[in-house]
Amino acid sequence: GTGFTTHVIMPTKVAVGWIKGYEKDVFMNAHKLTEIALEDWGYKYNPDCKWSMEFYNCPRFTEKDEEGRVILDYYIPVAK
């Protein structure tokens, strides 16, 4: 094998959020912070989809800012 796995994601509404912070904090809090932001916009996380996704965008994630922070893009299925 190549080391890759494929998953078919059924059509759904998806929100894309971004979290700026120190790498360890970003990973530990991305899902919860995105859920909180969704609620502020009148949406809710759709746990029936059973997935979320981190996106390591260049250079937002790969190059730290002057304070050592990165930006992680986070995709999460939503229900309204």
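## Helix 1 and the salt bridges

Helix 1, which runs over residues 23–40 and so comprises 18 residues by the DSSP assignment, reaches 24 Å from its first C-alpha to its last, close to the 26 Å expected at 1.5 Å a residue. This description rests on a predicted model, and the values below are to be read as computed from it. Within helix 1 there is a kink of about 60°, and this kink is centred on Asn29. Just after helix 1, Gly42 takes a positive phi of about 85°.

Which residues of helix 1 are buried? They are Val26, Ala30, Thr34, Glu35 and Leu38. An α-helix has 3.6 residues a turn, so residues three or four places apart point the same way. The cover over the buried residues of helix 1 includes strand 1 (13–21), strand 2 (44–45) and strand 4 (70–79).

Strand 4 also takes part in the charged pairs of the model, since Asp73, which forms a salt bridge with Arg60, lies in this strand. Side chains of opposite charge can pair when their charged atoms come close. The structure holds four salt bridges, and three of them, with the distance between nitrogen and oxygen, are set out here.

| Salt bridge | N to O distance |
|---|---|
| Arg60 and Asp73 | 2.7 Å |
| Asp65 and Arg69 | 2.8 Å |
| Arg69 and Glu67 | 3.9 Å |

The salt bridge of Arg60 with Asp73, whose closest N and O atoms are 2.7 Å apart, links distant parts of the chain, with Arg60 in the loop between strand 3 (53–55) and strand 4, Asp73 in strand 4, and the two positions 13 residues apart. How accessible is Asp73, buried or exposed? Asp73 is buried, because its relative accessible area is 7% and the cut-off for a buried residue is under 20%. Its partner Arg60, at 30% relative accessibility, counts as partly exposed.

Arg69 appears in two rows of the table, pairing with Asp65 at 2.8 Å and with Glu67 at 3.9 Å. Arg69 is partly exposed, with a relative accessible area of 22%, and Glu67 is likewise partly exposed, with a value of 45%. These residues belong to a network of salt bridges in which Lys20, Asp65, Glu67 and Arg69 are linked.

Note on methods
Residues are numbered from 1 along each chain as its sequence is written. This is a predicted model: local features need pLDDT of at least 70, side-chain atom pairs count only at pLDDT 80 or more; totals for chains, interfaces and linings use all residues. Side-chain values use heavy atoms; hydrogens and water are left out. Helices (H or I, at least four residues) and strands (E, at least two) are DSSP runs, numbered from the N terminus. The expected span of a helix is 1.5 Å times one less than its number of residues. The bend at a residue is the angle between axes fitted to the seven residues ending there and the seven starting there. Buried means under 20% relative accessible area, exposed over 50%, partly exposed in between (1.4 Å probe, protein chains only). Contact means heavy atoms within 4.5 Å. A salt bridge is a side-chain nitrogen of Lys or Arg within 4 Å of a carboxyl oxygen of Asp or Glu.
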